Amino acid sequence: MTAPSKSPLQVVQAQLDAYNAKDIEALLLAYAPDAEQYTLHGALLARGQEQMRERFLVRFGEPDLHARLLNRTVMANVVVDYELITRNFPEGVGTVEMICVYEVAEERIRKASFAVGATRMNTRP
């Protein structure tokens, strides 16, 4: 009997859950070994899980890191998330908007592209 396959939606949600849990191993399981990450329509950010591990571990060092999903669209094997990311910037805690475009094949994220929007610093004391 074959195990049920994961939908692109389930793969991307597992990646988001792992990101918020700062679970690097679970996060990398969502990505293909040779997956690539890019700025949207631009530069390569990371190729392969080892480069991704380095990028994510730096981010996971931020104590307030959290991605809040605001909207999600799924079309076949492409998942587009609109998120509000809480981050620790040199100036303090703030948020940044992101659009994340994930291409999923064989139950793994093969390519991810990210558009970074406005950054807003928290104004609470």
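These are my notebook entries on what I looked up in this structure.

**Entry 1. The model and its annotated domain**

I noted at the outset that the model is predicted. I then consulted the UniProt record, an unreviewed entry, which lists residues 12-110 as "domain: SnoaL-like". I looked up the make-up of this span and found 29% helix and 53% strand. The C-alpha atoms at the two ends of residues 12-110 are 11 Å apart.

**Entry 2. The largest pocket**

I turned next to the largest pocket, which holds about 380 Å³ of space. Its lining is made up of 21 residues, and those closest to the centre of the pocket are Tyr19, Arg55, Arg59, Met98 and Phe114. I asked which elements each supply at least two residues of the lining. They are α1 (8-21), β1 (31-39), α3, β4 (78-89), β5 (92-105) and β6 (108-121). I also recorded the character of the lining residues of this pocket: 12 are nonpolar, 5 are polar and 4 are charged.

**Entry 3. Salt bridges**

I searched the whole structure for salt bridges and recorded 7. I examined several of them in turn.

One of them joins glutamate 25 to arginine 53, with 2.8 Å between the closest N and O atoms. I located glutamate 25 in helix α2 (residues 24-29) and arginine 53 in helix α3 (residues 48-60), so that this pair, 28 residues apart, links distant parts of the chain. Glutamate 25 is partly exposed, because its relative accessibility of 45% lies between the limits of 20% and 50%.

Another salt bridge joins the side chains of arginine 59 and glutamate 62, at 3.6 Å from N to O. I compared the two partners for burial. Arginine 59 is partly exposed at 23% relative accessible area, whereas glutamate 62 is buried at 9%. Arginine 59 also appears in Entry 2, among the residues closest to the centre of the largest pocket.

I then looked up arginine 72, which forms a salt bridge with aspartate 81; the closest N and O atoms are 2.7 Å apart. Is aspartate 81 buried or exposed? I found aspartate 81 to be buried, with a relative accessible area of 0%. Elsewhere, Glu25, Glu50 and Arg53 are joined into one network by salt bridges that share partners.

**Entry 4. Alanine 67**

I placed alanine 67 in strand β3 (residues 66-75). I count alanine 67 as buried, because its relative accessible area is 3% and the limit for buried is under 20%. Which residues does alanine 67 contact, leaving aside neighbours within four places in sequence? I listed Leu16, Tyr19, Asn20, Glu83, Leu84 and Ile85. Of these, I had already met Tyr19 among the residues closest to the centre of the largest pocket. I also looked up valine 11, which is 56 residues from alanine 67 along the chain; their C-alpha atoms are separated by 16 Å.

**Entry 5. Leucine 45**

Leucine 45 lies in strand β2. Its relative accessible area is 32%, and I therefore entered leucine 45 as partly exposed. Not counting residues up to four places away in sequence, leucine 45 touches Gln37, Tyr38, Thr39, Arg55 and Phe114. Arg55 and Phe114 are also among the residues closest to the centre of the largest pocket. I checked serine 113 as well: serine 113 and leucine 45 are 68 residues apart in sequence, and their C-alpha atoms are 9.0 Å apart in space.

**Entry 6. Threonine 95**

I found threonine 95 in strand β5. Threonine 95 is buried, with a relative accessible area of 14%. With residues up to four places away in sequence left out, threonine 95 touches Leu84, Ile85, Thr86, Phe89, Ala118, Thr119, Arg120 and Asn122. Leu84 and Ile85 are also in the contact list of alanine 67.

**Entry 7. Two residues with positive phi**

I looked up the backbone angle phi at two loop positions. Lysine 22, in the loop between α1 and α2, has a positive phi near 55°, although this residue is other than glycine. Histidine 41, in the loop between β1 and β2 (44-47), is not a glycine and has a positive phi of about 60°. I then asked how exposed each one is. Lysine 22 counts as partly exposed at 28% relative accessibility, and histidine 41 is exposed, with a relative accessible area of 80%.

Methods: Residues are numbered from 1 along each chain as its sequence is written. This is a predicted model: local features need pLDDT of at least 70, side-chain atom pairs count only at pLDDT 80 or more; totals for chains, interfaces and linings use all residues. Side-chain values use heavy atoms; hydrogens and water are left out. UniProt positions are given in the numbering used here, feature names are shortened, and annotations may be inferred rather than shown by experiment. Helices (H or I, at least four residues) and strands (E, at least two) are DSSP runs, numbered from the N terminus. Buried means under 20% relative accessible area, exposed over 50%, partly exposed in between (1.4 Å probe, protein chains only). Contact means heavy atoms within 4.5 Å. A salt bridge is a side-chain nitrogen of Lys or Arg within 4 Å of a carboxyl oxygen of Asp or Glu. On a 1 Å grid over the protein atoms alone, a cavity is a set of points where a 1.4 Å probe fits but cannot get out, and a pocket is an open set with protein on both sides within 12 Å along at least five of seven lines; lining residues have an atom within 4 Å of a point. Grid points are joined across faces, edges and corners, and a volume is the space filled by probe spheres set on the points. Ala, Val, Leu, Ile, Met, Phe, Trp, Tyr, Cys and Pro count as nonpolar, Asp, Glu, Lys and Arg as charged, and the others, Gly among them, as polar.
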